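Q: Could you take me through one part of this model in detail? I would like to look at the third helix, its neighbours and the charged side chains around it.

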Amino acid sequence: MLGRQFEEALGKIRALDDPASPDHLERIESMLAGLAPIEQAIMATPARTIAGLGVKARHAAYVNSEHWDAPVDEIDWDARAVRSLIEAVCDVASIPLILGSNSKEEK
C-alpha cells in the first residue's frame, strides 16, 4: 500500500517536470508536500516482509539519489556502501530500482 502510494506520487511528480510550463515548480512543490506524509509513514512503518523492505530501499534510493549521479567506481566509499545495499535489497525483493541515468537499471 505505501509502496504503491509512493510510486504513484513519484510518477505524478516526474510527469510535472516540464520547465516550459510557467508554474511547473509550484506544482512540483505542491506534490512534494503531499509526498511528505507518505515518506514519513514509510520511515515509521517497520518492514515485516521482503516487499516492505523493498519499499524502504526504494525510498532510501530516492532520498539518496545523488549516489547514482556517477558510476559506482567514481563515488566515495560510504556512498558506494549505501548504493550497494539499496541495490541488493531491491534485487532480493524483486523491486526495480529506477532512478537517474546512471542507475543499474539503465546500464
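A: Here is a walk along helix 3 and its partners, followed by the remaining salt bridges.

A word on the ground rules: this is a predicted model, so local features need pLDDT of at least 70 and side-chain atom pairs count only at pLDDT 80 or more, while totals for chains, interfaces and linings use all residues. Residues are numbered from 1 along each chain as its sequence is written, and side-chain values use heavy atoms, with hydrogens and water left out.

Let's begin with the helix itself. Helices here are DSSP runs of H or I with at least four residues, numbered from the N terminus. Helix 3 has 14 residues, which should span 20 Å at 1.5 Å a residue, and its end C-alpha atoms are indeed 20 Å apart. The expected span is 1.5 Å times one less than the number of residues.

Which of its residues are buried? They are Gly54, Val55, Ala57, Arg58, His59 and Ala61. Buried means under 20% relative accessible area, exposed means over 50%, and partly exposed lies in between, using a 1.4 Å probe and protein chains only. The buried residues of helix 3 pack against helix 1, helix 2 and helix 4, where contact means heavy atoms within 4.5 Å.

Now to the links with helix 1. Arg58 forms a salt bridge with Glu7, at 3.0 Å from N to O; the term asks for a side-chain nitrogen of Lys or Arg within 4 Å of a carboxyl oxygen of Asp or Glu. Because Glu7 sits in helix 1 (residues 2-16) and Arg58 in helix 3 (residues 50-63), this pair ties together parts that are 51 residues apart in sequence. Arg58 is buried at 12% relative accessible area, whereas Glu7 is partly exposed at 27%.

An aromatic pair is found here as well, and the structure holds one. Rings of Phe, Tyr and Trp (its six-membered ring) pair if their centres lie within 6.5 Å; planes under 30 degrees apart count as stacked, over 60 as edge-to-face and the rest as tilted. Phe6 and Tyr62 have ring centres 5.6 Å apart and planes at 85 degrees, so they are edge-to-face. This pair links Phe6 in helix 1 with Tyr62 in helix 3, 56 residues apart. Phe6 is buried, with 1% relative accessibility, and Tyr62 is partly exposed, with 26%.

Both rings meet Glu39, which touches Phe6, His59, Tyr62 and Val63, leaving aside residues up to four places away in sequence. Glu39 belongs to helix 2 (residues 24-44). Glu39 is buried yet has no salt bridge, and the nearest side chain of opposite charge, Arg14, is 11 Å away. For that search, Lys and Arg count as positive and Asp and Glu as negative, while His and the chain ends are not counted. The side chains of Glu39 and His59 do share a polar contact of 2.9 Å. A polar contact is a pair of N or O atoms within 3.5 Å; within protein, one must be able to donate a hydrogen and the other to accept it, and residues adjacent in sequence count only if both atoms are side-chain atoms.

Finally, the model has three salt bridges by the rule above. Besides Glu7 and Arg58, Arg27 pairs with Asp23 at 3.4 Å, and Glu87 with Arg83 at 3.4 Å. Glu87 and Arg83 are four residues apart in helix 4 (residues 77-92), about one turn.

Conventions:
Helix = DSSP H or I, 4+ residues; strand = E, 2+ residues; numbered from the N terminus.
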